[in-house]
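Welcome! Here is a short guided look at a protein model, written for someone meeting it for the first time. Take a moment with the picture, then read on.

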There are 4 protein chains.
Amino acid sequence: MSVAAARKVLVVAGLGKGTGTGAAAARLFSKAGYSVALVARGVETVNKLAEELNSAGGEAAPFAVETYSPKDINSVWNSIRAKYQAPNYNIHAAIFNVGPGTWKPFLDITPEEVRTSLENNVEAGFAFAREAILTFKGNEISEPKGARGTLIFTGATASLRGNTTTSAFAAAKFGVRALSQSLAKEFGKQNIHVAHAIIDGGILTERLAAMRPEAVDNPDVRLNPDSIAESYLYLVNQDRSSWTWELDLRPAHEKW
Amino acid sequence: MSVAAARKVLVVAGLGKGTGTGAAAARLFSKAGYSVALVARGVETVNKLAEELNSAGGEAAPFAVETYSPKDINSVWNSIRAKYQAPNYNIHAAIFNVGPGTWKPFLDITPEEVRTSLENNVEAGFAFAREAILTFKGNEISEPKGARGTLIFTGATASLRGNTTTSAFAAAKFGVRALSQSLAKEFGKQNIHVAHAIIDGGILTERLAAMRPEAVDNPDVRLNPDSIAESYLYLVNQDRSSWTWELDLRPAHEKW
Amino acid sequence: MSVAAARKVLVVAGLGKGTGTGAAAARLFSKAGYSVALVARGVETVNKLAEELNSAGGEAAPFAVETYSPKDINSVWNSIRAKYQAPNYNIHAAIFNVGPGTWKPFLDITPEEVRTSLENNVEAGFAFAREAILTFKGNEISEPKGARGTLIFTGATASLRGNTTTSAFAAAKFGVRALSQSLAKEFGKQNIHVAHAIIDGGILTERLAAMRPEAVDNPDVRLNPDSIAESYLYLVNQDRSSWTWELDLRPAHEKW
Amino acid sequence: MSVAAARKVLVVAGLGKGTGTGAAAARLFSKAGYSVALVARGVETVNKLAEELNSAGGEAAPFAVETYSPKDINSVWNSIRAKYQAPNYNIHAAIFNVGPGTWKPFLDITPEEVRTSLENNVEAGFAFAREAILTFKGNEISEPKGARGTLIFTGATASLRGNTTTSAFAAAKFGVRALSQSLAKEFGKQNIHVAHAIIDGGILTERLAAMRPEAVDNPDVRLNPDSIAESYLYLVNQDRSSWTWELDLRPAHEKW
């Protein structure tokens, strides 16, 4: 069985309540033929989403983690690699969609919240990237597109600008952006594609629906996670001659 | 005949010798069902490319211009609008790929070269954008994607950084980038999508093939114009909830 | 007479009505011992300011120009160089403070306004920089600071961001910023210092006083041109080991 | 005794071996009349530098810390505040010059190194900023300049760009930059000035002298810490109408 015949696998981490970017990417890549490894902290979320994808004719498996510590991330990737082996599988795409935010005046932020923000965004990002890249390095170059694998980070407005209530969040998101740029430069030469998407607006999740009900039916004012997912699939399908490191995504009517 | 039944039209300006980004976009959009209006300074280029696209089953028409002056740009758009009328046609996408460069030490650049660089990049960009936006404003919102039209600018490394031999080119490309950002902010609210693509590397054109023959067969080191074109088609197909203003594109092995 | 004994000369272009950044720089450099060549389009402005500086014990001379065309700029620099000759004078600093703005919705901007904006910002900036740099190249390195000369450009918020009503202004200011960066990189190696100051807020000029009277006595909400001038003098006095290309300046309470 | 009569105090953290930016700032502010609180991990460094400054007629005191943990930083600031009390003292400036770097290929970096880099740059920066800002908030506005206090962060090339061997360092320095921007926006309104200096080149320290001996006597190719210190003093002396958040500093001949 040739590499071409191997089923491509997406590993996606960070699924929230199953209504946001990570889950939408899982659904879209599943429809596109990928087997999907679902990584999140909620057992229920990963199980439910795996079931949903499998019922829809896809192939997905739940990989709940207790934390996004380097140890737990390493461990879950070991499980994922054990399950998706050559020649049947080819772990070819990874999405790091973890990124809990904190919005508080600076003086209300505790050292523990700074630590947690850095752990769950930056340290988890480093650990996830390490596993993805080590895995991709073991892949052949996938022709005709020319990547051994693609690693995508979900960024935010706070990846580009610190603001009055975002010090802890922006410090973490800036850090992830730096990481993604360093990786893109170092591993591009090894045909590993690393990209960073700036989500510059509110995403239509359950939470947003509760907070801004008027936005639900108005695609001009909030991002559809399915559309973000489409950008991720586009990034994965770019050929090696023209890779994007960074793009921004925002609703048509967003003020920026 | 409903809007949905109207054939979408792409207007693309800047075709070089028919081997670069503009021509590749014309080919790809043609294959995707667009009628294509080809704008360039070379009569021969537009005629030859129109013939090629028509022979391949597409629908393309040549619109040679003598210059990229606001007057000539206004005039060619009048011709384009006259040809592609509702209800049969819907001018829905426009690509401004004009962008002649100058690489010279600062003191070797004449005021005339500065002027020419600004004229052909910035002033032409303003004029082209004006026509595209006025045209798009007359369109209905195209469902389900939600744009009245999409305008794409081709940028370069020099759009982001001035360097020792790029003062005149970078001044012009920075200017176009500013324009594109202003437009994206002003007309997003009217459901007109404006995007800017940073091409951060050498593009496989006839010229590059002559200068760097070793790059021709190595997609890791130069951009394939067809791949750039794919990014443009992707941008045009983004839905209104998640529009990209800017993305970068570079070969996998590019040093940056 | 050694170079050290030569009187340093500042050339400053762009004086508005004599109440803004250019005039404040002229005053401050004059107090600091510079002879000042005053370049502006208004004969009255330059004459009045020259008189003021001379009355205050300084040495200043008016150099009115009809336009900021490359030809007029070349011509005025020839006059300036004729007046300030070695060994008595050393033209050591130049400030390009020209930068007329346009704030209009995109569709209200005419091609002529785009042209004018580019001419007076970008083309004038190129021409002014050319003369300054050619002049500085003829200077010895001035010890102990180590510059042959310093060229400063006044930037604005629109140097960094295009916005809904700033397309023509931002396109021009982005262009000047690109120019300044290219020059800093090319001529730093020749010990010519080029800097760019982002003025990110309203400057206390006669115009602002008329429009926002409540801002006049509140230094928290508008820039004092004297303070901007101090930053320019600081830049000129930086030693060659630690040159700034770009800094931003804004009032303490500015929202940004 | 009025506020004006209070002696101004600088708190500077991060002194390396006493040959870099932090020590140079301590010396310059001491000469400018500041009492200086010296914070560093090496008891010997702070003692020796305090002695040096006191022998030279200044007033300095050592505040060694074991670590830059939030707890130790809080504790050392408590000591500093206990020593420098109103009406005799006014803690008016703080420099966070801590910023240990790591240069390694990504896969050679351990999770512990990522953690350490974030702790000593970002978390320490948050903790130091918290103490500085809480202290400044207790100050009167100091006329005529109009600040309650100024907090400066030392940045680096890696604050702006991730590169092949800087992932852990850049992630941390990006984070500090985000913090400084958030603080500048939030506390400018309270007349607390926060600035960030990008040191874009090698600094003439003992370490650089050992590695690049040819650079020692060539101010065109490395930064003099005294010159960086001058920029810090300039920032502290800016008046409230024209505060700089960010400036870059690099040697005249630096390639960038």
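## A bent helix in chain D

At Glu119(D), helix α4(D) bends by about 40°. This is a predicted model, so the bend, like everything below, is a computed feature of that prediction.

How far apart are the two ends of this helix? Helix α4 of chain D runs over residues 111-137, and its end C-alpha atoms are 37 Å apart. Because each residue should add 1.5 Å, the 27 residues are expected to span 39 Å, and the two values agree. As for its surroundings, α4(D) is mostly covered, with 19 of its 27 residues buried.

## Where chains A and D meet

Chain A and chain D each bring 32 residues to their contact. On the side of chain A that touches chain D, the elements giving two or more residues are α4 (111-137) and α5 (167-188) of chain A. The largest share comes from α5(A), which supplies 14 residues. What kinds of residues make up this side of chain A? They divide into 17 nonpolar, eight polar and seven charged.

The two chains are also related by a rotation: turning chain A by 180°, with 0.0 Å of shift along the axis, superposes it on chain D with an RMSD of 0.0 Å. Both copies use the same surface, since 100% of the contact residues of chain A recur in chain D.

## Where chains B and C meet

Now for the other pair. In this contact, 32 residues of chain B meet 32 residues of chain C. The side of chain B that touches chain C draws two or more residues from each of α4 (111-137) and α5 of chain B. Here α5(B) gives the most, with 14 residues. By type, the residues on this side of chain B are 17 nonpolar, eight polar and seven charged.

Chain B can be laid on chain C by a turn of 180° and a shift of 0.0 Å along the axis, with an RMSD of 0.0 Å. That is the relation of a two-fold axis. The same surface serves both copies, as 100% of the contact residues of chain B recur in chain C.

## Pairs that stay apart

Which chains do not touch? Chain A and chain C are one such pair, and their nearest C-alpha atoms are 9 Å apart. Chain B and chain D are not joined by any contact either, and their closest C-alpha atoms also lie 9 Å apart.

## A loop residue in chain B

Have a look at Thr164(B), which sits in the loop between β5 (149-156) and α5 (167-188) of chain B. Is Thr164(B) buried or partly exposed? It has 18 other C-beta atoms within 10 Å, while 20 or more would make a residue buried and 12 or fewer exposed, so Thr164(B) is partly exposed.

Setting aside residues up to four places away in sequence, Thr164(B) touches Ser182(C), Lys185(C) and Glu186(C). Within its own chain, Thr164(B) lies 6.6 Å from Pro105(B), C-alpha to C-alpha, although the two are 59 residues apart in sequence.

## The nonpolar core

In soluble globular proteins, nonpolar side chains tend to be buried together. The largest nonpolar core in this model has 349 residues, and the members touching the most others are Leu38(A), Leu38(B), Leu38(C) and Leu38(D).

Take Leu38(C) as an example. Not counting residues up to four places away in sequence, its contacts include Val12(C), Leu15(C), Ala26(C), Val46(C), Leu49(C) and Phe63(C). Pro62(C) is also one of the residues that Leu38(C) touches.

Notes
Residues are numbered from 1 along each chain as its sequence is written. Chains are lettered from A and ligands numbered from 1 in the order in which they are written. This is a predicted model: local features need pLDDT of at least 70, side-chain atom pairs count only at pLDDT 80 or more; totals for chains, interfaces and linings use all residues. Helices (H or I, at least four residues) and strands (E, at least two) are DSSP runs, numbered from the N terminus. The expected span of a helix is 1.5 Å times one less than its number of residues. The bend at a residue is the angle between axes fitted to the seven residues ending there and the seven starting there. Two residues are in contact if their C-beta atoms, placed from the backbone, lie within 7 Å. Ala, Val, Leu, Ile, Met, Phe, Trp, Tyr, Cys and Pro count as nonpolar, Asp, Glu, Lys and Arg as charged, and the others, Gly among them, as polar. A nonpolar core is a set of buried Ala, Val, Leu, Ile, Met, Phe, Trp, Tyr and Cys residues joined through C-beta atoms within 7 Å. Copies are superposed by least squares on the C-alpha atoms of residues with pLDDT of at least 70 in both.
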